[in-house]
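Opened a fresh page for this one. I'll jot things down in the order I looked them up.

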Amino acid sequence: MKYVCTVCGSIYDEEAGYPEGGIAPGTAWSDVPADFECPLCGVGKDQFEAE
């Protein structure tokens with residue numbers, strides 16, 4: 001599943017994870033820490049929606 005930032009369009013892909021931010025590939029969105037911030041614009045996890 002993929003989640004898109006409603007502010008800038010950045011995509012979090014569960015399959016790819018976000019290794020640069022310490023989130024391993026295969027990490028489900030529900031397991032991404034609550035303090036996750038968009039790597040492009042800095043908004044919180046609550047600004048992402050399922051694609």
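**Cysteines**

I started with cysteine 5, which is buried at 3% relative accessible area. Note to self: this is a predicted model, so everything here is read off predicted coordinates.

Next I wanted to know how many disulfides a search of the whole structure finds. It finds zero. Why is cysteine 5 not bonded to cysteine 41? The sulfur of cysteine 41 is the closest cysteine sulfur to that of cysteine 5, but it sits 3.8 Å away, which is too far for a bond. The cut-off I need for that step is 2.5 Å between the sulfur atoms.

I then checked cysteine 41 from its own side. Cysteine 41 is in no disulfide either, and its nearest cysteine sulfur belongs to cysteine 8, at 3.7 Å. Cysteine 41 has 35% relative accessibility, so I logged it as partly exposed.

**Serine 10**

I looked up serine 10 and found it in the loop between β1 (2-5) and β2 (11-13). Buried or exposed? Serine 10 comes out at 10% relative accessibility, so it counts as buried. Which residues does serine 10 touch, leaving aside neighbours within four places in sequence? I noted Tyr3, Val4, Cys5, Cys38, Pro39, Leu40 and Phe48. Cysteine 5 from the entry above is thus one of the contacts of serine 10.

**Rings**

I ran the aromatic pairs over the whole structure and got seven. The pair of tyrosine 3 and tryptophan 29 has centres 5.0 Å apart and planes at 15 degrees, so I put it down as stacked. In this pair, tyrosine 3 sits in strand β1 and tryptophan 29 in the loop between β2 and β3 (48-50), 26 residues apart, and distant parts of the chain are linked. Both partners are buried: tyrosine 3 has a relative accessible area of 14%, and tryptophan 29 has 10%.

Tryptophan 29 also pairs with tyrosine 12, and this pair is tilted, with 5.2 Å centre to centre and 45 degrees between the planes. Tyrosine 12 is in strand β2 and tryptophan 29 in the loop between β2 and β3, so this pair ties together parts 17 residues apart in sequence. I checked tyrosine 12 for burial too, and it is buried at 3% relative accessible area.

Which residues do ring pairs link into a cluster? I wrote down Tyr3, Tyr12, Tyr18, Trp29, Phe36 and Phe48.

Last lookup: what lies over the face of tryptophan 29? I found lysine 45 there, at 5.1 Å from the ring centre.

Methods. Residues are numbered from 1 along each chain as its sequence is written. This is a predicted model: local features need pLDDT of at least 70, side-chain atom pairs count only at pLDDT 80 or more; totals for chains, interfaces and linings use all residues. Side-chain values use heavy atoms; hydrogens and water are left out. Helices (H or I, at least four residues) and strands (E, at least two) are DSSP runs, numbered from the N terminus. Buried means under 20% relative accessible area, exposed over 50%, partly exposed in between (1.4 Å probe, protein chains only). Contact means heavy atoms within 4.5 Å. Rings of Phe, Tyr and Trp (its six-membered ring) pair if their centres lie within 6.5 Å; planes under 30 degrees apart count as stacked, over 60 as edge-to-face and the rest as tilted. A charge sits over a ring if NZ of Lys or CZ of Arg is within 6 Å of the ring centre and within 35 degrees of the ring normal.
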